[in-house]
Amino acid sequence: MLDIKLIRENPELVKENLAKRGNPESLIMLQELIDADKRWREDLTKLNDLRHDRKVCTQEIATLKKARQDATAQVEKAKTIDTQITAMEKEVTQIEQKTRQILMDLPNLLHETVPYGTSDQDNVETKTWGKLPQFTFTPKSHIDLALNLDIVDLERAGKVAGARFFFLKGLGVLLDYALMNFALETLYSKGYTPIEPPYLMKREPYEGVTSLGDFADVLYKIENEDLYLIATSEHPMAAMYMNEVIKQDDLPLKLAGVSACFRKEAGAHGKDTRGIFRTHQFNKIEQFIFCMPEDSWQLHEELAANCEEILQKLELPYRMVNVCTGDIGTVAAKKYDFEAWMPAQGAYREVISCSNCTDYQARRLGIRFREKEGAPPKGCLHTLNSTAIATGRTIVALLENCQQEDGSIVIPKVLRKYMGDMEKITLKR
RNA sequence: GCCGAGGUGGCAGAGUGGUUAACGCGCGGGCCUUGAGAGCCCGUGGAUCUUACGGUCCGCAGGGGUUCGAAUCCCUUCCUCGGCGCCA
């Protein structure tokens, strides 16, 4: 959510920034917001005047009653003021809801370093790392490898849960947990506090962390309950401190979320249908930071550096892209994607997404900071989030990059200690 | 799930239908002091109007209701604590 004060004081700046996202509708919404806000303030002043009149009147009544005098005339007057107040309240509430709605729908302001573009085609590659593997044979796709090694069962998952679900089996499970443990320990050693959050969230906190469109396209809802399955541990971690004021000394707060993630993938019909690249459920270690506004850009780079360290230790070739204005999400001011090389597809595919949301989430959630204990709240802090490891996609990358001609997989060195010092995944006979 | 007790500012804690959220603690500023401390004074949630000085309104877990008037009475949801039940 943007700061309404900024919109009032500097509408041109907001306008220019929104225009960069290439969504002309948002400019119309902004103008509607500005008009409605002006009317809201006028009406609020009138409403406050009426409430003041009523206050004066009820005090007269109280004084009269104490003196045991007749207050009928004053009561009548108060009643007429009440009628006016009720009408005015209704109008003010209506306008308020409208402005809130628009404010919730408007996206975050973009950082000046975000490249202009209209789709993911325009994302700017900022770095590549690692040598692309050379095969003396035709590399197989992750799904052929996984089925051969009997570490994934898709058919039975279809029977049990439907498309885009999977059973992970045997060494697949060990590999999954090895990745989780590796990422978690890496972050823990850097001072991130591990968090295992609730996997379900109520609607109100959920509205604070994501755009409203996600409720239909992304989130699973529990029937007859005000509960949604989390799409990432970013969401409960962000909402964790909702309506709180955090001491400046305690910032930055660095968290490492551990959870399964659930996504409807409603907008992805026909995409990545084969295999486990895009599924309704996967495990993920997530980095999350609450910090002072002046520190967020530096910490964004820190998150990105952590991602690189993890990918490099896994020996996965990747590229880093600066996500362009047309492809960046609603809440992020700047976003890096890390894309691992997928030999069977001959393409880099997203495995990590690393965002600075500035004060956008914090304002929606009412998370502020104070200079010290006992001091009044100062302003909204900044939030950042980044994947550390999403196991599904990382397994895809590992299988394809580390495959041998016989279909076995060489396990990256850093993972072996979590898998009983095993060096290879081979089919047991 | 059932029964009971609760939810008031950063914290602690009054207020149980009639203008002001008492008294503390903490925090900020000022006076005093060589300095620190103590002491004293002012301030310390949000919105809005005003160039300013300064007003006005809202805020007692959320939402609704009764009333001229609600932190206070009623309904409802959420949460916390205790007891019982169920359960890995």
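## The surface near the RNA

In this predicted model, helix α3 gives the most to the surface near RNA strand B, supplying 14 residues. Helix α3 spans residues 24-66, and it is one of four elements, together with α1 (4-9), α4 (72-105) and β13 (368-370), that each supply at least two residues of that surface. Altogether 28 residues surround RNA strand B, and the closest are Arg 8, Asn 48, Asp 82, Lys 372 and Gly 374. Sorted by class, the surface near the strand has 14 charged residues, 8 nonpolar residues and 6 polar residues.

## Atoms that meet the strand

Of the atoms of RNA strand B that come within 4 Å of the protein, 82% belong to sugar and phosphate. Individual pairs illustrate the kinds of atom involved: an N or O atom in the side chain of Asp 82 is 2.6 Å from a phosphate oxygen of the strand, while an N or O atom in the side chain of Arg 51 is 3.1 Å from a sugar or linking oxygen. A base takes part as well, with one of its nitrogens 2.9 Å from a polar backbone atom of Thr 58.

## Nonpolar cores

The largest nonpolar core has 53 residues, and those with the most contacts inside it are Leu 314, Phe 338, Leu 415 and Ile 425. Helix α7, which covers residues 171-189, contributes the largest share of this core, namely 8 residues. A second core, separate from this one, consists of 25 residues and includes Leu 219, Ile 246, Leu 255 and Ile 367.

Leu 415 can serve as an example from the largest core. When its neighbours within four places in sequence are left aside, Leu 415 is in contact with Leu 175, Ala 178, Leu 179, Phe 182, Leu 314 and Leu 398.

## Glu 286

Glu 286 is placed in strand β9, which runs over residues 281-291. Because its relative accessible area is 2%, Glu 286 counts as buried, and its side chain is joined to that of Lys 284 by a polar contact of 2.6 Å. Not counting residues up to four places away in sequence, Glu 286 touches a number of others, among them Thr 232, Ser 233, Glu 234, Leu 255, Asn 385 and Thr 387.

## Confidence in the model

Chain A averages a pLDDT of 92, and 100% of the residues score at least 70. Among the elements of chain A, the highest mean pLDDT, 98, is that of helix α11 (residues 296-313), whereas helix α9 (residues 214-217) has the lowest, at 85.

Terms used. Residues numbered from 1 in each chain as written. Chains lettered and ligands numbered in written order. Predicted model: local features only at pLDDT ≥ 70, side-chain atom pairs only at ≥ 80, totals over all residues. Heavy atoms only, no water. Core = buried A, V, L, I, M, F, W, Y, C linked by side-chain atoms within 4.5 Å. Buried < 20%, exposed > 50% of the residue type's maximum accessible area, 1.4 Å probe, protein only. Contact = heavy atoms within 4.5 Å. pLDDT = per-residue confidence, 0-100. Near = heavy atom within 4 Å. Polar contact = N/O pair within 3.5 Å; in protein donor to acceptor, adjacent residues only side chain to side chain. Nonpolar A, V, L, I, M, F, W, Y, C, P; charged D, E, K, R; others polar.
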